[in-house]
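Here are some exercises to work through with the model open in your viewer. Try each task yourself before reading its solution.

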Amino acid sequence: PARAPLAAALGVELVSPEAAADDCDVVVHASATEAGLARGLQLLGREGELVEMSWYGTVAPRVPLGAEFHARRLSIRASQVGAVAPARAARRSTADRLAVAVEQLTDPAFDAFLTSRSPFAT
């Protein structure tokens, strides 16, 4: 609920985990909680994939790999934002990726993420 204003600014419908659609092909999980991870796996359809965006630091979350995980052939994929996957790196150069990122920042929707100003010395 605390992120409802941000979701609205981005034009995204915010739903509670209990009300989220199920039988999904892909679920992107970013709550960094065991409950969120478990719920994300529950929302997947057969052979669905959960993309784990959370950073847990030194915490070792329990992952529910019993029950339906194997029977439904679910997958969990780690997302690492510090590097481009080797399978994707050859598609665009670093300069190409930077140009796309800078272009995307002109979208006023991203202003919703700005919460203060930071002075930068030249």
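**Exercise 1.** Classify D111 in this predicted model: is D111 buried, partly exposed or exposed?

*Solution.* Start with the location: D111 belongs to the segment that follows α5 (94-104). Next, take its relative accessibility, which is 45%. Partly exposed covers the range between 20% and 50%, so D111 counts as partly exposed. Finally, look across the fold: the C-alpha atoms of D111 and L10 are 9.4 Å apart, although 101 residues separate the two in sequence.

**Exercise 2.** Do the same for V15, and find its C-alpha separation from A4.

*Solution.* First, place V15 in the loop between α1 (4-10) and β1. Its relative accessible area of 42% makes V15 partly exposed. Then compute the C-alpha separation from A4: the result is 9.1 Å, for two residues eleven places apart along the chain.

**Exercise 3.** Work out which residues make up the largest nonpolar core and which helix gives the most to this core.

*Solution.* Begin with the members: C24, V27, L37, L41, L43, L44, L50, Y56, F69 and L74, ten residues in all. Now sort by element: β1 (24-29), α2 (34-43) and β2 each supply at least two of these residues. With three residues, α2 gives the most. To see one member in its surroundings, pick L41: beyond four places in sequence, L41 touches L50, V63, P64, F69, R72, L74 and I76.

**Exercise 4.** Decide which residues of α2 are buried, and how they are arranged around the axis.

*Solution.* The buried residues of α2 are G36, L37, G40, L41 and L43. They lie on the same side of α2, because the arc they cover around the axis is only 160°. Turn to the other side of α2 and you meet A35 and Q42, which are exposed. As a last step, ask what covers the buried residues: the cover includes β1, β2, α3 (68-71) and β3 (75-78).

**Exercise 5.** E52 is a buried acid, so check which partners its side chain has.

*Solution.* Locate E52 in strand β2 (residues 44-52). Test for a salt bridge: there is none, and the nearest side chain of opposite charge, R3, is 11 Å away. Then test for polar contacts: the side chains of E52 and S54 are joined by one of 2.7 Å. Complete the picture with the neighbours beyond four places in sequence, namely H29, L37, I76, R77, A78 and S79.

**Exercise 6.** Follow that polar contact to S54 and describe the site.

*Solution.* S54 sits in the loop between β2 and α3. With a relative accessibility of 13%, S54 falls under the 20% cut-off and so counts as buried. Besides the contact with E52, the S54 side chain reaches the backbone nitrogen of S31 at 3.4 Å. Its contacts beyond four places in sequence are H29, A30, S31 and A32.

**Exercise 7.** Find the phi angles of A32 and E47.

*Solution.* Recall the background: most residues other than glycine have a negative phi. A32 has a positive phi of about 60°, and E47 likewise has a positive phi of about 60°. Now compare the settings. A32 lies in the loop between β1 and α2 and is partly exposed at 35% relative accessibility, whereas E47 is found in strand β2.

Terms used:
Residues numbered from 1 in each chain as written. Predicted model: local features only at pLDDT ≥ 70, side-chain atom pairs only at ≥ 80, totals over all residues. Heavy atoms only, no water. Helix = DSSP H or I, 4+ residues; strand = E, 2+ residues; numbered from the N terminus. Buried < 20%, exposed > 50% of the residue type's maximum accessible area, 1.4 Å probe, protein only. Lys, Arg positive; Asp, Glu negative; His and termini not counted. Salt bridge = Lys/Arg side-chain N within 4 Å of Asp/Glu carboxyl O. Polar contact = N/O pair within 3.5 Å; in protein donor to acceptor, adjacent residues only side chain to side chain. Contact = heavy atoms within 4.5 Å. Core = buried A, V, L, I, M, F, W, Y, C linked by side-chain atoms within 4.5 Å. Arc of directions from axis to C-beta.
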